[in-house]
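Reader: Could you take me on a close look at one part of this model, the largest cavity, and then show me how the surroundings fit in? Keep it informal, please.

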Amino acid sequence: MKRWFSHLFTRTARPLAGLAAGLALAVQVAAAQEVQDLKIGLMGTLSGPAAIYGKHMRDGFMLAVQQSNGALGGLPTNVIEVDDKLDPDYALEQATKLIEQNGVDIIVGVNFSKIMFAVHDPIVRSKTLFIGTHSGPAPIAGRKCSRYFFSTAFQDDQVHETMGRYASLKGYQQVVTIAPDYEAARDAVAAFRRHFKGQIARELFPKLGQTDFAEEFKQVGELEPDAIYVFMPGGMGVEFVKQFHTSGLKGIIPFLSANTVNALTLPFTGEMAEGLFSASQWAPNLDNPANKRFVREFGRTYKYAPSIYAAQGYDAAKLIHFALELTGGIKDQEAMLSAISAAPFESVRGDFRFNSNQFPIQDFYLVEGVRRTSRLYEMEAVARIFDDVGDAYSGSCRM
């Protein structure tokens, strides 16, 4: 009897054990199928003379992805890189492809305003979440703001406003402004004037692409202003700094700037940029744990020093990561928008929260080119000029 019962138990238990194992495996498979991959379209200028801007942004973003083991918020993350080629029509084609063919959940990036103007409206009209990492034109911060667009950078005017405020705090009464002759540069000068309480002794607008600034320095020398304010991006800025160094004006007339002296131009200007001032909401020496880790691991991973463009890309990925941890996934877009609005992460710049137009409220600093070693120069924050400030256009935003 015992032998028969034992035999029956064995014959019955084996199928039951097999069924239980099969059910367990089915549950595991179903759970695995519920884990949704995260698709992110990363758009930046990655070719041509301006490729360094996109490279820094991409490397900063990808560093944060690597730190999360390739899974932002626990979701396996597929980043589709797109080079906008600094061509608005091509950028729009690529943005459309990311949305309609690749089915991305989020688009991140954009380095330049003309690309932002081309892609912003089509992306937000498609209700695709869009996180900008540098360009912040006034209309997008104001009347054309969208609940689907967030910025981990700043509104474009703010660095110029910072230098205008600094000039006023220093008591400068007469300033010469120098910027290329195109619309965005004229907007930069207007933003500087918004917070400068003194007088503009003269506005100089050299031709876009100009490389000889002897005439401009001659006029500055004749006017003898309290300071000059320079907005001269890219290669023009490099040449301007070099010629300022040899003009006889350095050390006599203070040099204030934005997007002229920065981590991207320092390798080409070196000691010639020492002591020249700019404005930024981030610098490598900001004393907070998130920034220390970022600067250390970026240098270790890529073998070069990060810039503001890398920092803004890094913050974008961290923002996505911690918002996803709050929501548990990307499927509920309303929950994701709310989570991002809360800015649930520690920014490398320290204080950070979103304003009503979903651009940051943050600090802005006077930064200076300094020598770290015989071959390493970097920007250093030397004074806080604005504390927890929003941009001038948030009041025009009607979500």
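Author: Let's start right inside. The largest cavity is lined by 18 residues, and those nearest its centre are Val 261, Asn 262, Ala 279, Ser 280 and Ile 308. Bear in mind that this is a predicted model. The space in that cavity comes to about 220 Å³, and the structure holds one cavity of 30 Å³ or more.

Which elements build the wall? Strand E11 (277-280) and helix H12 each supply at least two residues of the lining. E11 gives the most, with three residues.

H12 deserves a closer look. This helix runs over residues 308-327, and its 20 residues should span 28 Å at 1.5 Å a residue; the end C-alpha atoms are 29 Å apart, so the two values agree. Most of H12 is covered, with 16 of its 20 residues buried. As a reminder about helices in general, an α-helix has 3.6 residues a turn, so residues three or four places apart point the same way. Just after H12 comes Gly 328, which takes a positive phi of about 80°.

On the other side of H12 in sequence, Lys 303 sits in the loop between helix H11 (289-302) and H12. Lys 303 has a positive phi too, about 65°, although it is not a glycine. That catches the eye, given that most residues other than glycine have a negative phi. Lys 303 counts as exposed because its relative accessibility is 68%, over the 50% cut-off.

There is another residue of this kind to look at. Asn 259 has a phi near 55°, again positive in a residue other than glycine. You'll find Asn 259 in the loop between strand E10 (255-258) and helix H10 (266-269). With a relative accessibility of 24%, Asn 259 counts as partly exposed.

Now for a residue in another strand, Gln 362, which lies in E13 (residues 360-371). Gln 362 counts as buried because its relative accessibility is 0%. Its side chain makes a polar contact of 2.8 Å with the side chain of Arg 349. Beyond its neighbours within four places in sequence, Gln 362 is in contact with a list of residues that includes Ala 153, Phe 154, Gln 281, Asp 351 and Phe 386.

Don't mix up the cavity with the largest pocket, which has a volume of about 1,200 Å³. Of the 41 residues that line this pocket, Phe 112, Tyr 182, Ala 184, Phe 231 and Pro 233 are the closest to its centre. Several helices give two or more residues to the pocket lining, among them H2 (51-67), H4 (113-125) and H7 (183-195).

Stepping back, the whole protein has 13 helices and 14 strands, and 52% of its 399 residues count as buried. Its C-alpha trace spans about 115 × 45 × 35 Å along the principal axes. Of the contacts with a separation of 6 or more, 71% come from residues 24 or more positions apart. As for the record, an unreviewed UniProt entry annotates residues 38-369 as "domain: Leucine-binding protein". Over those residues the chain is 43% helix and 20% strand, with the end C-alpha atoms 39 Å apart.

Note on methods. Residues numbered from 1 in each chain as written. Predicted model: local features only at pLDDT ≥ 70, side-chain atom pairs only at ≥ 80, totals over all residues. Heavy atoms only, no water. UniProt positions renumbered as here; feature names shortened; annotations may be inferred. Helix = DSSP H or I, 4+ residues; strand = E, 2+ residues; numbered from the N terminus. Expected span 1.5 Å × (residues − 1). Buried < 20%, exposed > 50% of the residue type's maximum accessible area, 1.4 Å probe, protein only. Polar contact = N/O pair within 3.5 Å; in protein donor to acceptor, adjacent residues only side chain to side chain. Contact = heavy atoms within 4.5 Å. 1 Å grid on protein atoms, 1.4 Å probe; cavity = no way out; pocket = protein on both sides within 12 Å on 5 of 7 lines; lining within 4 Å. Points joined across faces, edges and corners; volume = space filled by probe spheres on them.
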